[in-house]
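Visitor: Could you take me through one part of this model up close? I'd like to look at a single sheet and then see what surrounds it.

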Number of protein chains: 2
Amino acid sequence: MTIDQARALDAADPLGFARQRFALPQDVIYLDGNSLGALPVATAARVARTIHDEWGRDLIASWNKHGWIEQSARLAAMLAPIVGAGADELLVGDSTSINLAKLLGAALGLRPGRRVILSETGNFPTDLYIAAAVPGAELRTVAAGDIAAALTDEVAVLMLTQVDYRSAAAHDMAAMTHAAHAAGALLLWDLSHSAGAVQLDLAGSGADLAVGCGYKYLNGGPGAPAFLFVVRALQDALANPLPGWGGHAEPFAFEPAYRPAPGIARFTSGTPSIIAMAALEAGLATFEGIDIAAIEAKSRALSELFRAEIAARCPELALASPADPARRGSHLVFACPNAYPLMQALIARGVIGDYREPNLVRFGFAPLYNGFEEMVRAATIVAEVLATREWDDPRFHQRAKVT
Amino acid sequence: MTIDQARALDAADPLGFARQRFALPQDVIYLDGNSLGALPVATAARVARTIHDEWGRDLIASWNKHGWIEQSARLAAMLAPIVGAGADELLVGDSTSINLAKLLGAALGLRPGRRVILSETGNFPTDLYIAAAVPGAELRTVAAGDIAAALTDEVAVLMLTQVDYRSAAAHDMAAMTHAAHAAGALLLWDLSHSAGAVQLDLAGSGADLAVGCGYKYLNGGPGAPAFLFVVRALQDALANPLPGWGGHAEPFAFEPAYRPAPGIARFTSGTPSIIAMAALEAGLATFEGIDIAAIEAKSRALSELFRAEIAARCPELALASPADPARRGSHLVFACPNAYPLMQALIARGVIGDYREPNLVRFGFAPLYNGFEEMVRAATIVAEVLATREWDDPRFHQRAKVT
């Protein structure tokens, strides 16, 4: 595709206006929103308001006066249409890892006599680490194709990442939930690489439990609070294994014994960072008035264009993601020799993706701020860097602390 | 004491300069820094730098370029002199509740055959809730005077809050640690109401484990990240029961099995909020160049002055804190009739303390920003509000959501 053709796609893009909601640097093609979402224009002022006008001026009274106590519920209402759940089924706070520990512990408690957490080989490491440490549980991992057969009556919970962090392979949520339920197991989704880029329907798929990350496609900022989902019907039957004061039925009664709040609030533990939550609020606000179906459609169009352009220009890169856009999330990964220095050279040229062990370059597409011209320009730069062997510069071979 | 005498004390106060480090509103006497510390002047710019210059401009590269990956260690080094520990014994992140769950779970693992967590009746509720939920553990609570007798060989860990959130009664850290160790138990301190106002010596007291809050005297902002302490000698023997990717020996190798990082880093779970950590960094910076011994000395002088002024002017208020400043932390609590509307009337007059069930008014003294004139003026206003029965206005009887 020519640059002019791509520009015509951008001009006709119904989501094109959303890029103005982001403060992206000039001369950068940012294809790493699946790792850290870009900065929304509104974030700095939103956070400054919390710091100056709320904390600074009204101090402790802000819990009531500025609704800090309702902040998690406010964010849940903004997140609800993005993940296809009810606002009263979502809780925002803590990290994805901690939320996983809460829901896995709770799920095990609901399936006495079953102790297996079934997951996929190659699932995101933190999911496996947390699952393996759930007291009394046994973690079992199998290849994606073997999940159905592994759903025995020992399995308490099937824990899957909806979009794989490396390959971008996506699970069919409804089908997997059906299989888990048929085996008497609960299904827990990790939506970290899906939420904000893929059209999710937690309610319609019958899902029981989910967690997800706030700092990828949700644009909440580095280390933003994560979220968890518990389907309404299960909420009062589940016990939070990390029951802090925030999840008590009457947090300000300071009772010596724990009585869980009704509903989703019982999954609160300690006090969330109000400042970090304010930044996440600005991140979620970048989705305002935008249908998630349009986001998914644009994600597929972007990734298909990039895939085709790379296929045409860069035979050195072997697609390691599903070729069918309906079977993957919003990023693409390619295997190639010298993947690490290649990515460093691309970053030096302003095309920001990332490297994943052992030989993968990964590019993410954020429909709110990436455009079609960027796809063609990025693929052109990849081809140039390969042709000129720019990546062979020793400075690109030096490993950074964070890759 | 007259206002002029109090002003003379302020003029001679070696810590008087520190108030300029805070952006306190005019016409407010803020005596609730034990619940939410005041806003430091530097916070807004520090946070804006992280948002604009780091996240906004350098995006994902900030993990290396701006040292986000070392942020917890940087904060630990700032916290170390405040709590009397080594920087390599402290980890900043997560909430106090989550950190408690980590350390209690780890401690139980180190004392096989012992399953009792011993604590004090009336300890801060979240501590008791989290302890009661530790898998395999039994929580036992006794009055402070009965702790020594309750330290049987069933006790794995003695969990105490160093300064009680209601009474301000303070435990002698060295004596308690000695008693716990003599019984073969570990000692876990909650320093939430101590850190930043009391001279702590974690190292010298022989303490094993501790947690503490970032948003009280440490001025990190609402819901700021908390901290945990593990004495060097125990670090490699303890297993984090919430082992997220951040605590892995090689977090970016994405290995399927967990291998804990050496040292304190293994207690990391997920990714901390970089924005919330930046705010906490500005909070910790308010202690720069200030000896914690001077802070404790001023805390005692402030609280003694307030105690004496209230005793002289307000016989309706019965001191419910230890009368000896060496046996309490940096706040005072008084029992009185109509405590709830009294505190609301005081807040309306600009004297901000808080109410605690069932009949307590609580006033905290933050040596970095409170002064002696404030003590006399606040006590005068309390006396006026009592004398005029201002608290009898119906609007002061209406319970807010957060008290």
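What follows is a walk through one open sheet of chain A, then its surroundings.

Guide: Happy to. One thing up front: this is a predicted model. The sheet to look at has 4 strands and is open, in the order β9-β10-β13-β12 of chain A, with antiparallel pairing. Its edges are β9 (318-319) and β12 (354-356) of chain A, each of which pairs on one side only.

Let's start at the β9(A) edge and work across. β9(A) pairs with β10(A) in the antiparallel sense, over 2 bridges. If you want a residue pair to zoom in on, Ala318(A) has Ala335(A) of β10(A) as its bridge partner. Before moving on, look at what lies against the sheet: α12(A) packs on it, touching β9, β10 and β13 (360-364) of chain A, and the direction of α12(A) makes about 20° with that of β10(A).

Next comes the pairing of β10(A) with β13(A), which is antiparallel and takes 5 bridges. Here Phe334(A) stands opposite Val361(A) in β13(A).

β13(A) deserves a pause. What makes it largely enclosed by the rest of the structure? The burial count tells you: 5 of the 5 residues of β13(A) are buried, so the strand is largely enclosed. The side chains of a regular strand alternate between the two faces of the sheet. In β13(A), Leu360(A), Arg362(A) and Gly364(A) point one way, Val361(A) and Phe363(A) point the other way, and all are buried. Note that an arginine and a glycine are on that list, along with leucine, valine and phenylalanine.

At the other edge, β12(A) and β13(A) pair antiparallel over 3 bridges. Arg356(A) stands opposite Leu360(A) of β13(A) there, and a hairpin takes you from β12(A) to β13(A) through 3 residues.

Now zoom out a little. Chain A is divided into domain 1 (3-40 + 291-396) and domain 2 (45-285). Measuring over C-alpha atoms, the centres of these two domains of chain A are 29 Å apart. At their contact, 26 residues of domain 1 of chain A meet 22 residues of domain 2 of chain A. Which elements give two or more residues to the domain 1 side of that contact? They are α12 (292-313) and β10 (331-335) of chain A, and you have already met both at the sheet, where α12(A) touches β10(A). α12(A) has the largest share of the domain 1 side, with 5 residues. By class, that side of domain 1 of chain A has 13 nonpolar, 9 polar and 4 charged residues.

For a companion piece, try another strand of chain A, β8 (residues 227-230). Both of its faces are covered: Phe227(A) and Phe229(A) on one side and Leu228(A) and Val230(A) on the other are all buried. β8(A) runs antiparallel to β2 (residues 90-92) of chain A, and 3 bridges join the two; Leu90(A) stands opposite Phe229(A) there. β8(A) also runs antiparallel to β7 (residues 209-212) of chain A, this time with 4 bridges, and Val211(A) stands opposite Leu228(A).

In soluble globular proteins, nonpolar side chains tend to be buried together. In this model, the largest nonpolar core has 267 residues, and Leu104(A), Val157(A) and Leu104(B) touch the most other members. Take Leu104(B): leaving aside its neighbours within four places in sequence, its contacts are Ile117(B), Ile130(B), Ala131(B), Val134(B), Val157(B), Met159(B) and Leu188(B).

Finally, step back to the two chains. Chain A and chain B each put 70 residues into their contact. On the side of chain B, the elements giving two or more residues are α2 (43-58), α3 (62-65), α5 (96-110), α6 (125-132) and α11 (274-285) of chain B. α2(B) gives the most, with 9 residues. That side of chain B divides into 45 nonpolar, 18 polar and 7 charged residues.

Technical notes:
Residues are numbered from 1 along each chain as its sequence is written. Chains are lettered from A and ligands numbered from 1 in the order in which they are written. This is a predicted model: local features need pLDDT of at least 70, side-chain atom pairs count only at pLDDT 80 or more; totals for chains, interfaces and linings use all residues. Two residues are in contact if their C-beta atoms, placed from the backbone, lie within 7 Å. Ala, Val, Leu, Ile, Met, Phe, Trp, Tyr, Cys and Pro count as nonpolar, Asp, Glu, Lys and Arg as charged, and the others, Gly among them, as polar. Domain bounds come from an automatic or database domain assignment. A nonpolar core is a set of buried Ala, Val, Leu, Ile, Met, Phe, Trp, Tyr and Cys residues joined through C-beta atoms within 7 Å. A residue is buried if 20 or more other C-beta atoms lie within 10 Å of its own, exposed if 12 or fewer, and partly exposed in between; C-beta atoms are placed from the backbone. Two strands pair if DSSP finds at least two bridges between them. Axes are lines fitted to C-alpha atoms, for helices over the stretch in contact, and angles run from 0 to 180 degrees between N-to-C directions.
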